[in-house]
Every structure is written in structure tokens, then in C-alpha cells.
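Here is a friendly walk through one protein model, with charged side chains as the way in. Please keep the structure open beside the text as you read.

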Amino acid sequence: MSAPYYHRVSVFIFCGETPLLLPVLYSFRRCPYAIRARYVLAQLDVKVSLREVVLKSKPEALLALGSRSTVPQLIDTDGQRYPESMDIIYWALERTQRSDLKTFIWPASLQQQYKIRVWITYNDQVFKYWLDRYKYADRHPEFSESYYRDKGCIFLQRLNKRLSQRRYLFGEEMSLVDMALFPFIRQFAGVDRAWFDASSYENVKAWLESFTESSLFKEVVMPKLPPWEEGCEGIVFP
């Protein structure tokens, strides 16, 4: 089923004498879903007009879209709405001019694509459940923080074993599954950094660091941006 259509919320920028119409991306810097969307957009060099959102004070333009007002969300130049991070990523894969990178990120093999989707689904539906409880253990007093961490570590163990045989989850080149998962592992590591640094997940640590210490992550994906205000232009990203 195709996504519903909404009013246009696009931005013009000028490249020489030619105006370019950009899709609008509503984002929040620290959100792992938004991070993975921005990372893929940056990797594939698909430009958007980025609007940084303050979650406690969402702009009227985002709320006026109706339905759910979470981030990230993208509104294409034709007014079509992409309300989930993976929707945005698949949209970017269709529009990138970087066919060389697309081959590695999203393999042509339907079997490989299926495997990638399975890993991402497990991350989003199972690991994220325990991550939220580990991060906000005080809101879930049914069990201890260490209990929730141990549940999350089931996934870390699986990742660590797989990464013992290859640099990235599907081989020696990063693919979409790596880009889609690392922001959530980063968030898990950040709950108790001392514990994570002392843990035995050496392969996961090295894999995660390959993203978080990269110039793309530090200089393009994660710089702090001022909140977008009504009537202002977004920031051209990347």
C-alpha cells in the first residue's frame, strides 16, 4: 500500500542558477531511528532539508501533518510522507546516484535482502524492547537494571559471535544492516559506559567504534543543530 499524500513542505536551494527542490526531514539528533536515517542519507549523498525537532515542543508544521508526529519523518517534494526510519532509508536507496555504494549497502540478492530485514526486525521489535527498559529501568521496577541488561546482551552475544568471523555483519563491507543497528547498540553502550567498556564484547566494540569514530558520523551525522522554527529554512543535509 502506498503512503498517503500530504501538503507540500519542501525547500528550494540554489545550485548555481538552478533551483533545487528538497524533501523535508524532521529529525532529532539523539534518536537512534533518526541517526540511522541520517547516516544512510549521508552515506548515499541524498540531500534533504533537515529540521531539528525539540520533542517537548514539536513544531506546528510537524503536528499539522496529523496521525503520529514522531521523528524521523520525511515529506518528499511530491508531498508523499515517509513516517518511519526504514521508509526513509528505502526511499533514499531508490533515489541515490551512488550506485557503487548501493550495491554494498543493499545487495541485489532477494535472499540477502530478506536476511537484512530479519536482523533489522529483531533489533526493532525485540532488542529495542529490552534497550528501553534497560535505559529507563526506574520506570520499569518489575525487574532490575541488570536483568534488562542481561536480556539485551542476548543480542550482543549474537552480534559478537558473528563479528568474530567478519568485519561487518554480512561480510567485509558494511551493509544496510550495520547502519540500521549501530545507533541502537551505541545507545545500549551509553547506559553504563564503564560496564560496556569492561565487557567481553570486543568484536562489538570494534564494530561500533568503526561508526562512532568515523568523520562521517562525527562531522556530518551528529553535529548539534539549532531547533528549527516556523518560517525558517531547514539545513541542507548532508
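Asp132 is partly exposed, with a relative accessible area of 23%; here buried means under 20% relative accessible area, exposed over 50%, and partly exposed in between (1.4 Å probe, protein chains only). Its partner Lys128 counts as buried at 12%, and the two side chains meet in a salt bridge of 2.7 Å, N to O. A salt bridge is a side-chain nitrogen of Lys or Arg within 4 Å of a carboxyl oxygen of Asp or Glu. Both residues sit in helix H5, 4 residues apart, which is about one turn of the helix. Helices (H or I, at least four residues) and strands (E, at least two) are DSSP runs, numbered from the N terminus.

Do keep in mind that this is a predicted model, in which local features need pLDDT of at least 70 and side-chain atom pairs count only at pLDDT 80 or more, while totals for chains, interfaces and linings use all residues. Residues are numbered from 1 along each chain as its sequence is written, and side-chain values use heavy atoms, leaving out hydrogens and water.

The structure holds 9 salt bridges, including these:

| Salt bridge | Closest N and O atoms |
|---|---|
| Asp76 and Arg95 | 3.5 Å |
| Lys128 and Asp132 | 2.7 Å |
| Lys218 and Glu213 | 2.8 Å |

Asp76 and Arg95 link distant parts of the chain, 19 residues apart: Asp76 is in the loop between E5 and strand E6 (81-82), and Arg95 in helix H3 (residues 85-95). Is Asp76 buried or exposed? Asp76 counts as buried, at 6% relative accessibility, whereas Arg95 is partly exposed at 36%. In the third pair, Lys218 is partly exposed at 46%, and so is Glu213 at 47%.

Now for the backbone. A cis peptide bond, with omega about 5 degrees, joins Val71 and Pro72, and Pro72 lies in the loop between helix H2 (60-63) and strand E5 (73-75). The bond from Phe237 to Pro238 is also cis, with omega near -10 degrees; Pro238 lies in the segment after strand E7 (235-237). Asp45 has a positive phi of about 55 degrees although it is not a glycine. Asp45 belongs to the loop between helix H1 (32-44) and strand E4 (48-52) and is partly exposed, at 43% relative accessibility.

Finally, the whole protein. Its secondary structure comes to 10 helices and 7 strands. Buried residues make up 48% of the 238 residues, and the C-alpha trace spans about 55 × 40 × 35 Å along its principal axes.
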